[in-house]
Structure formats: structure tokens, C-alpha cells
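This report walks through selected helices and individual residues of a single model. Please keep the sequence and the coordinates at hand while reading.

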Amino acid sequence: MKKKIYLAAPLFNKQERMYNKSIKNLLISRYEVYLPQEDGLLLKNLLDEGIELNIAERKIFSADIAAMKNCDILLSILDGAHIDEGVAFEIGYMYALDKKCIGLQTDTRRQLPSGNNPMISMSLDKIFDNAEDVIDWLEGLA
């Protein structure tokens, strides 16, 4: 049975969604990958359907919580000057579930001179600076 990966990443513009999809495409042949922008719900889509904001947010939250519970591994995209708030939550939630949590950080910008906030870095088993190393590490789990 394929391991299930939850791909936590910012998804608020076309470039972010394209990058997320490219990472999913690297993994999909060997893993079942849950990518919220494709497999979950998007706030804009729900609001466009006329769903009230608080109901739409609850639907998204519930769907993503269920998906995280169903996954074995969290792969979080950490790029940007600040880690996306949703990604930070997903890291903490998966860590609390005692799931494997890893990060992919190709961007060197960070607010703290020491790097990532310790609540992020200590929640992750490993942080990689390229996707190929992520794939190699995942292969080692099999």
C-alpha cells in the first residue's frame, strides 16, 4: 500500500499552485498525495457558490483535518519570508498526531537571523533544500 502524504503549502496565487502541483507530480507515482488545492476545498470556490464565509471556512477546516488524520507523512513547503500560517498550523497538527513531518525550503529568506522559528524547526524531522533529497529520504522510509 502506498504511503499517504499531505502536501501543506501556500496556495493563494497561480505560481504557488503551479509549484505545489509540480511537487505533487514528483511524488504521485510512488505515494498517494493529498494536495488541498486539488483534493480539498478552496475558499474562493465555496464563496463563488454562495456559501457563507463561516460555513465555507468550517468546511475547509474539517476537510483538511480529516485528510491530515488519514495521511502518514506531512511535507510542508516553507518558502517565503514567512511560513504560511496554514502550513504552520498543519505542521503543528501533524506533529501532535505523531506523524512524520518534513519540510522543503528552497528559499533562504527568514525573519529570524537564526532561521526558522523553533516551533517550526523542532516539529519537523528534517528540512530539505531540494525536492530530489525529499524523494530520496521518503524512499528510505519504505
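## A buried leucine in α3

With a relative accessibility of 6%, L46 falls under the 20% limit and therefore counts as buried. The model is a predicted one, and in it L46 belongs to helix α3. Once the neighbours within four places in sequence are set aside, the contacts of L46 are L41, I51, A56, K59 and I60. For one of these partners, K59, which lies 13 residues away along the chain, the C-alpha to C-alpha separation from L46 is 9.1 Å.

## Helix α4 and its two faces

Two of the residues that L46 touches, A56 and I60, reappear among the buried residues of α4, a set made up of A56, I60, D64, I65, A67 and M68. When the helix is viewed down its axis, the buried residues of α4 fall within an arc of 165°, so they line one face of the helix. The face of α4 turned away from that buried side carries N54, R58 and K69, which are exposed. The elements covering the buried residues of α4 include the strands β1 (4-8) and β2 (32-34), together with the helices α2 (36-39), α3 (43-48) and α5 (85-96).

The length of α4 can be checked against its residue count: for the 18 residues of this helix (residues 53-70), a rise of 1.5 Å a residue leads to an expected span of 26 Å, and the end C-alpha atoms are 26 Å apart, which agrees.

## Helix α5 and its surroundings

Helix α5, which is among the elements covering the buried residues of α4, can be treated in the same way. Its 12 residues should span 16 Å at 1.5 Å a residue, and the end C-alpha atoms of α5 are 17 Å apart, which agrees. The buried residues of α5 are V87, E90, I91 and M94. Seen down the axis of α5, these buried residues fall within an arc of 105°, so they line one face of the helix.

On the face of α5 turned away from its buried side, the exposed residues are E85 and A96. The cover over the buried residues of α5 includes β1, α4, β3 (73-77), β4 and α6 (118-121).

## Two aspartates in loops beside α5

D84 is found in the loop between β3 and α5, and its relative accessible area of 15% makes D84 buried. Leaving out residues up to four places away in sequence, D84 touches P10 and F12. Although D84 and P10 are 74 residues apart in sequence, their C-alpha atoms are 6.0 Å apart in space.

D98 is found in the loop between α5 and β4 (100-104). Is D98 buried or exposed? With a relative accessible area of 71%, D98 is exposed. The phi angle of D98 is near 65°, a positive value in a residue other than glycine.

## The packing of α1 against α7

Helix α1 (residues 14-27) and helix α7 (residues 131-141) pack at an angle of about 35°, and their axes are 11 Å apart. The crossing of these two helices, α1 and α7, is right-handed. On the α1 side the contact involves I23, L26 and L27, which meet A131, I135 and L138 of α7. Sorted by class, the residues in the contact of α1 with α7 comprise 6 nonpolar, no polar and no charged ones.

Technical notes: Residues numbered from 1 in each chain as written. Predicted model: local features only at pLDDT ≥ 70, side-chain atom pairs only at ≥ 80, totals over all residues. Heavy atoms only, no water. Axes fitted to C-alpha atoms, helices over the stretch in contact; angles between N-to-C directions. Helix = DSSP H or I, 4+ residues; strand = E, 2+ residues; numbered from the N terminus. Left-handed = near helix turned anticlockwise from the far one by under 90°. Contact = heavy atoms within 4.5 Å. Nonpolar A, V, L, I, M, F, W, Y, C, P; charged D, E, K, R; others polar. Expected span 1.5 Å × (residues − 1). Buried < 20%, exposed > 50% of the residue type's maximum accessible area, 1.4 Å probe, protein only. Arc of directions from axis to C-beta.
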